[in-house]
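Hi everyone, thanks for coming. Let me put the model up on the screen, and then I'll walk you through a few spots.

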Amino acid sequence: MAEKHRSLRESILYNDLVAILGVENVSRDEVERQAYIGDVSFLGMVMPRHNMEVDRPDFIVWPTSTEQVSEVLKAANTHKIPVTPYCGGAGVQGAAVPMFGGIVMDVKKMDKILEIDETNLMVTCQTGLIGQALEWALNAKGYTYAHIPQSTYCSGIGGFLAGHSAGVLSTKYGKIASMVLGMEVVLPDGRVMRTRAVPQSAAGPNLNHLFIGSEGTLGVITEATMIIHPLPELREFRSFLYPNLHSAFEAARKIMRRGLLPGTLRISDEEESKELYKQEGAFMTISYDGFEELVKLQHRETMKIALEENAVDIGSAPGDRWWNRRFSSVYPKDNGNPLDMGRHTLNVGNVIESAGSFTYLEAAHRELRRTLLKIPGQTFMAHFSHWYKTGGMMYPYCVNSGAASEEEMVDRYFRMHRAAVEVIHRLGGTMTHHHGVGLSLRGFMREEFGESFEMLQSIKRTLDPNNIMNPGKLGFDWR
Amino acid sequence: MELQKVERLARLCETCPKMCRHVCTTHVVTRSEADTPNERSSIAYRALLRGYFFPEEAPYMYEKCATCGLCLAWCETGIDVGEIMLAARVDLVNAGMAPAAAAAVQRNVQNQGNPHGEPASERYAAIMDEFQALPNTAEVLYYAGCDTLYRQPEIAKAALKVLRAAGVDHTMIKSGEPCCGEPLRLMGYIEDFKATARKVMDGIAETRARTVVCTCPSCLRMLKEVYREHGIEAPAGVEFLHMSEYLLRLTASGQLKLTTPVHLKTTYHDPCDLGRRQEIYEPPREVLTSLPGIQFQEMFFNRRDARCCGAGGGLAATNLELVIKASKTVVNLAQDVSAEVLVTACPTCKTSFHRQTYKLDDLKTMDLIELVAMAL
Ligand SMILES: Cc1cc2nc3c(=O)[nH]c(=O)nc-3n(C[C@H](O)[C@H](O)[C@H](O)COP(=O)(O)OP(=O)(O)OC[C@H]3O[C@@H](n4cnc5c(N)ncnc54)[C@H](O)[C@@H]3O)c2cc1C
Ligand code: SF4
Ligand code: SF4
């Protein structure tokens, strides 16, 4: 590896960091810097693998306490050097890519569970814990925090909070924003703030929401208190085949309207139903969990609605299979994987997920499909999960093949996103439900927010006048 | 390059979003992205594509992977990052880039017959009387291995005591037990490994034993499986067993009677080479729970999901600091179930845990065979 020429200034910063963290928690090792060039996004992982040049971070730091985080941020302000918080690095939008080098702050050594409060159903932990590690610790005591994104093995609490993520049980248990009660955050200048871990408060705006989804641009979240639940007595799946997507949507709308609270409600569009289940129509898998009588009642009511919409009952097997194999699609495959983003293909891909009302979802699916399929080499296949009384989320896999060069891959990537976001905004949706903004969507933040983006930008400038925190993300000032 | 043999594994693993990082023995200690199974594979894969390693990459192939198989247990693609590391080590040896600690292991095995560099003459020091009394040939051969004889000789003592008590016609390799060669394989000296494997098989043939019993799961795995993968066959009709499997036979036939109560609260740690690598999960548990008076509780992670003691992959030689940190994971799990004895069935695991538990008043580490000897 070509050793980068190091300046005296960098050497002084290195020693400032060592003074704060100890030599074992600061690295400028070549191999380690290479390991932190990106996350698992197309721009942050696939493109560097195709030899597109990227800046490597200059230093990796692993703070072990809030105080150390604070001191590092102060040092970064002194040296005016960027800091990119990094948890699992499994974001898919490039939010954790250290675009301008500087310091990557890996929070994973802050992995303590501080308290499991069984009386009040709360857990307080540091934010470097990998999701599954927290889940196991809770399971061992008979609890769950019910946040189970497909990335629970590879992502962590800091990433879930700063990335505003959603687990596969979000329809019943909510997204991370409704699971977290209180947080500790180190602001960009090193000050430490806390929000109160209470069920609800009317004392002004809820500051948790300023930091959830902030993608490391407004500070480092160091601790969180979240809601936990006793492990459910029963979790039961049922699948249905609807004659078409419209009738499946109608059923979902009625299920939510009736106040049934499914853990999972997953509808595949016609393409995905054919691909995954070899069925003509729209496939729905639904689960309820909790105590037995309630689960049985919820399934009975769901069955009535499904039959009203002319669905065929497929039984519990496909749902059980889906649950048991819900991580399977992620593992690398030899061939035939449309999402293969290995270095030997010039495939371009991302999930351009969006959210909106029931009316939006149906219109957007139609329009997005029509628009994207006009792009040469484009595929489109979607499912819908994460539901609310007012609407839900659409999750289309958008893969494009046929780019001739690395530059063209990036061009095609943004062309796909430009086309999709135009449709999403025109039809009244939001351009992301849970994957966040990162590098993929930063260019569309002004369109998403309209006038109020200036307000967000001025909050950023106030909290982070030197623009050290993850510069270039969320559409904030490029460096 | 040797890595070409595992090209498919490394190529696929490089594209994974790190779906096994949450279990990786060394990653959970260092938390560095460079120490994830995926990044290890990626480093190896990039080296394969360019045709050579950068010197700064060598430590990541040698000093960071316990070859524990936890990644494989969690990988739906079926990728064993340990295997990729071993191929990389062969390439590094061939390129003259093996770290000093690896070269020292090789020298020690060549010169003294054990990876620790202890004098060959002291191999049987702790069991000299028992050893000298053994016959040249017998029905059953007890193969003890270097870690047992030099680091945990109580295991060998207990094994010989139990075999004697059961009236088994047994011996050890009287001409001098060679190292099983696993340390050489782990350090990438594959030709030396094969040479020592041949010596072991000759030693077994000398004893005319029909059954070879090991207390060390790694020795067992070499003798039973890995030699064969390298084209070195055992004498015809010889059966290889772990001590726990053999004990079950002895108790079932009534040859071994365990009658003295052992009033201890125990838990059991599955050694990687016995559990995940050879799927011998139940025999040690059956033996342990059959002891009179014993109490037993599983740790939260057990069997396929058992955590590693940290000392796999030759890390005790190349990165002891990491082993010490990693072994705490299992010790903490044993404390979570309030065990008084953390039982294992591997001398290497015992050494790892003992480094933690010798300072504790309420938790000790023992090998299964030691408890069995107490119950005679
Ligand atoms: C296979 C796979 C499946 C996925 N499934 C889902 C899913 O089901 N639901 C879902 O919502 N997402 C999913 N994702 C996307 C991703 O896992 C989430 O966006 C997750 O929130 C990222 O967490 P992370 O720990 O990997 O964060 P990172 O990628 O490390 O970071 C994400 C952002 O958070 C910032 N950050 C990290 N820690 C902190 C902190 N302590 N303080 C401040 N900022 C911080 C980073 O700077 C970055 O901007 C999936 C991704 C993959 C690869
Ligand atoms: S071993 Fe398997 S699960 Fe682990 S990183 Fe490689 S491909 Fe992914
Ligand atoms: S073999 Fe063990 S230590 Fe090595 S990468 Fe896999 S899980 Fe990690």
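How do the residues of the shell around ligand 3 divide into nonpolar, polar and charged? Keep in mind that this is a predicted model. The split is 8 nonpolar, 3 polar and 1 charged. As for who is there, the neighbours of ligand 3 include the run C65(B), A66(B), T67(B), C68(B), G69(B), L70(B) and C71(B). You also get C24(B), T25(B), P37(B), R40(B) and V81(B) around that ligand. Two elements of chain B, α3 (37-50) and α5 (70-74), each give two or more residues to this shell.

Now over to ligand 2. This one sits between chains A and B. Chain A brings Y331(A) and P332(A), while the chain B side has C13(B), C16(B), M19(B), C20(B), N38(B), C75(B), I79(B) and V81(B). By type, that shell has 9 nonpolar residues, 1 polar and no charged. And yes, V81(B) turns up around ligand 3 and around ligand 2.

Last stop, the second largest pocket. Its volume comes out at about 1800 Å³. There are 48 lining residues, and the closest to the pocket centre are D111(A), V28(B), V29(B), R31(B) and T329(B). The lining draws at least two residues from each of β1 (26-27), β5 (113-117) and α5 (131-139) in chain A, plus α2 (27-30) and α17 (320-336) in chain B. The largest share is from α17(B), with 9 residues. By type, that lining has 24 nonpolar, 9 polar and 15 charged residues.

Key: Residues numbered from 1 in each chain as written. Chains lettered and ligands numbered in written order. Predicted model: local features only at pLDDT ≥ 70, side-chain atom pairs only at ≥ 80, totals over all residues. Heavy atoms only, no water. 1 Å grid on protein atoms, 1.4 Å probe; cavity = no way out; pocket = protein on both sides within 12 Å on 5 of 7 lines; lining within 4 Å. Points joined across faces, edges and corners; volume = space filled by probe spheres on them. Helix = DSSP H or I, 4+ residues; strand = E, 2+ residues; numbered from the N terminus. Nonpolar A, V, L, I, M, F, W, Y, C, P; charged D, E, K, R; others polar. Near = heavy atom within 4 Å.
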